[in-house]
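Me: Hi, I'm new to this one and would love a quick tour. Could you take my questions as they come?

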Amino acid sequence: MVLVVIGGILIPVGDKIIRDTINKEGVIEEGTLAYENWIQTGSPVYRQFWLFNVKNPSEIMNLGAKPVVEQKGPYTYRVRQLPKGNITVNDNYTISYQQPFSAVFEPNMSAGSEVDRITALNLAAAALPSLLPVESHGFVNLFLKLAKASLFQNRTVGELLWGYEDPILKLANYKDTITGIFYPYNGTSDGIYNVYTGKDDISKVAIIDRWMYKKKLTFWNDSFCDMINGTDASSFPPFVHDKEKLYFFSSDICRSIFAEYEQKIILKSIPVRRFVVPPLALGSSVDNPDNHCYCKDMSVSENCTFGGILGISVCKEGKPIYISLPHFLYASDEIVNAIDGLNPNKEEHQTYLDVEPITGFTLRVAKRIQINLMFKPSKKIGILKNIKKPTYFPLVWLNETGTLDDETANMFRNSLTTPMTTLGIVQLTLMCIGCVMIIACMIALCQTSSTKKAINKPTDTAIITIR
């Protein structure tokens with residue numbers, strides 16, 4: 001009985017030890033495990049890029065043919081290797097910082113070199129008509145002819161990703177004549193973040209309080225869509241439950257989004273929970289009414305019925321940029337079927353987070369997004385006059401991935417997983433032994449009682465009748 005009681009007592013005692021440890025080591029302040037992993041990623045993080053090579057550029061522009069593309073890649077870069085900068089600890093239990101951007105090419109992890117050539121959409125030529133009113137398209141056509149611009153161009157991987165001098169911008173005497181899908185990148189950041197340290201309340205740790213000094217976004221003109229929810233996805237408040245949604249903000253897509261629990265898995269002998277971005281997260285307002293305020297162009301979205309795609313021109317200076325999952329995973333059939341050469345599948349193209357539920361640390365991540373540029377028909381612009389309908393054209397998709405390394409995994413197991421497992425085994429063992437001993441005592445007691453009854457019971461041969 002004593003062993004059962006001890007085993008039972010160890011359960012709340014063990015829970016308290018774990019919670020006390022998390023309350024101490026999970027706070028973002030100097031000297032804690034959380035701060036050490038927060039200030040600079042201990043494990044390497046990579047961005048893999050697959051660019052879409054256009055196989056029939058002339059037929060698209062001259063005949064209005066259906067685009068045929070093939071992906072080229074991966075071209076892999078090491079990112080997030082620099083520590084956070086401009087760190088300020090605030091009085092209200094928050095901490096401010098910037099994450100500097102840097103990308104270093106990893107040739108041994110790539111399918112080719114940065115000088116590989118790709119036939120891709122002409123970024124400036126395709127975007128310019130959407131930036132100006134239809135009444136000015138005659139002037140736009142003349143300007144594009146002077147620049148000898150086509151709807152498509154042949155550029156190197158490095159130029160398309162990080163920038164090149166554009167003849168259209170140069171002719172226009174634009175102040176910055178460089179353009180590129182991710183230009184500018186190296187030496188920049190996505191702004192100032194202000195997050196809760198968890199010092200006063202561990203359930204708020206890593207949650208974003210402000211971004212760019214504001215508690216809400218200013219892009220969507222809607223109180224719901226402009227909310228900044230959750231963390232940056234590198235970690236979450238501890239004691240994560242399977243039934244809750246994990247919210248995180250991404251400046252890449254100019255909004256907060258959520259992931260839902262999918263399954264339990266083992267990562268380097270550490271139990272984790274996999275959360276995935278579901279189809280509804282980028283669903284149309286018909287399927288997910290919460291997304292109604294993200295639809296800003298009724299004419300190209302069939303009255304906001306297209307799903308699986310997000311227009312972010314509101315935060316990209318009006319440029320017709322659209323975000324989706326790779327190969328238009330979960331997008332409406334009209335979008336997927338407009339391009340040949342796409343093969344969306346969940347295993348390769350979904351975004352997922354593997355989260356250790358007690359600490360809330362993300363131990364493995366695969367953040368996958370595709371960047372598309374939309375262009376429309378125009379009777380006044382030569383390179384667009386044969387285009388039949390608005391087209392969401394894929395430029396590149398990326399997989400930003402990171403997994404805790406073996407050293408970090410070993411430290412994690414030694415400091416958390418192994419002690420917890422040992423404590424659980426001790427609890428269970430003591431309770432089992434105690435239960436077995438109780439059962440054994442009960443059996444022995446029953447047998448003793450039966451024996452005494454048998455001895456005391458009178459028999460026929462023992463009865464003597466006296467007459």
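**Charges, rings and strands**

Me: Let me start with a random pick: what is the relative accessible area of Glu-165?

Reply: Glu-165 has a relative accessible area of 42%, so Glu-165 is partly exposed. (Buried means under 20%, exposed over 50% and partly exposed in between, using a 1.4 Å probe and protein chains only.) Before we go on: this is a predicted model, where local features need pLDDT of at least 70 and side-chain atom pairs count only at pLDDT 80 or more, while totals for chains, interfaces and linings use all residues. Residues are numbered from 1 along each chain as its sequence is written, and side-chain values use heavy atoms, with hydrogens and water left out.

Me: Got it. Which residue does Glu-165 form a salt bridge with?

Reply: Lys-170, with the closest N and O atoms 3.9 Å apart. (A salt bridge is a side-chain nitrogen of Lys or Arg within 4 Å of a carboxyl oxygen of Asp or Glu.)

Me: How many salt bridges are there?

Reply: The count comes to 17. One of them joins Asp-340 to Lys-66, where the closest N and O atoms are 3.1 Å apart. That pair links distant parts of the chain, 274 residues apart: Asp-340 is in the loop between α8 (333-336) and α9 (346-349), and Lys-66 is in the loop between α3 (57-63) and β2 (69-79). (Helices, H or I with at least four residues, and strands, E with at least two, are DSSP runs numbered from the N terminus.)

Me: And what about exposure there?

Reply: Asp-340 is partly exposed at 33%, and Lys-66 is partly exposed at 39%.

Me: Where in the chain are Asp-354 and Arg-274, which also meet in a salt bridge?

Reply: Their side chains meet at 2.8 Å, N to O. Asp-354 is in strand β17 (residues 352-355) and Arg-274 is in strand β14 (residues 270-276), 80 residues apart. Asp-354 is buried, with a relative accessible area of 0%, and Arg-274 is buried at 13%. Elsewhere, salt bridges that share partners join Arg-47, Arg-80, Asp-252, Lys-367 and Glu-400 into one network.

Me: New topic, aromatics! How many aromatic pairs turn up?

Reply: The whole structure has 22 aromatic pairs. Take Tyr-35 and Trp-38: their ring centres are 5.6 Å apart and their planes are at 40°, so this pair is tilted. (Rings of Phe, Tyr and Trp, its six-membered ring, pair if their centres lie within 6.5 Å; planes under 30 degrees apart count as stacked, over 60 as edge-to-face and the rest as tilted.)

Me: Why are Tyr-35 and Trp-38 separated by about one helical turn?

Reply: Because they are three residues apart in helix α2 (residues 33-39). Tyr-35 is buried at 14%, and Trp-38 is buried at 8%.

Me: Show me another pair, please.

Reply: Tyr-247 and Phe-258 form a tilted pair, 5.8 Å centre to centre with 50° between the planes. Tyr-247 is in strand β12 (residues 246-250) and Phe-258 in strand β13 (residues 255-267), eleven residues apart. Here Tyr-247 is partly exposed at 35%, whereas Phe-258 is buried at 10%.

Me: Back to Trp-38: what lies over its face?

Reply: Lys-84, at 5.1 Å from the ring centre. (A charge sits over a ring if NZ of Lys or CZ of Arg is within 6 Å of the ring centre and within 35 degrees of the ring normal.) Trp-38 also belongs to an aromatic cluster with Tyr-35, Tyr-97, Tyr-193, Trp-211, Phe-219 and Phe-249. In another case, the charged end of Lys-204 sits over the ring of Tyr-196, 4.2 Å from its centre.

Me: Which residue in β4 stands opposite Tyr-196?

Reply: Thr-94 stands opposite Tyr-196, which is in β10. Six bridges join β4 (residues 94-100) to β10 (residues 189-196), and the two run antiparallel. (Two strands pair if DSSP finds at least two bridges between them.) They sit in an open sheet of four strands, ordered β3-β4-β10-β11, with antiparallel pairing. The edge strands, each pairing on one side only, are β3 (85-89) and β11 (208-211).

Me: Last one: where are the backbone oddities?

Reply: Gly-73 and Pro-74 are joined by a cis peptide bond, with omega about 5°, and Pro-74 is in strand β2. Tyr-183 to Pro-184 is cis too, with omega near -10°. Asn-86, in strand β3, has a positive phi near 50° and is exposed at 55%.
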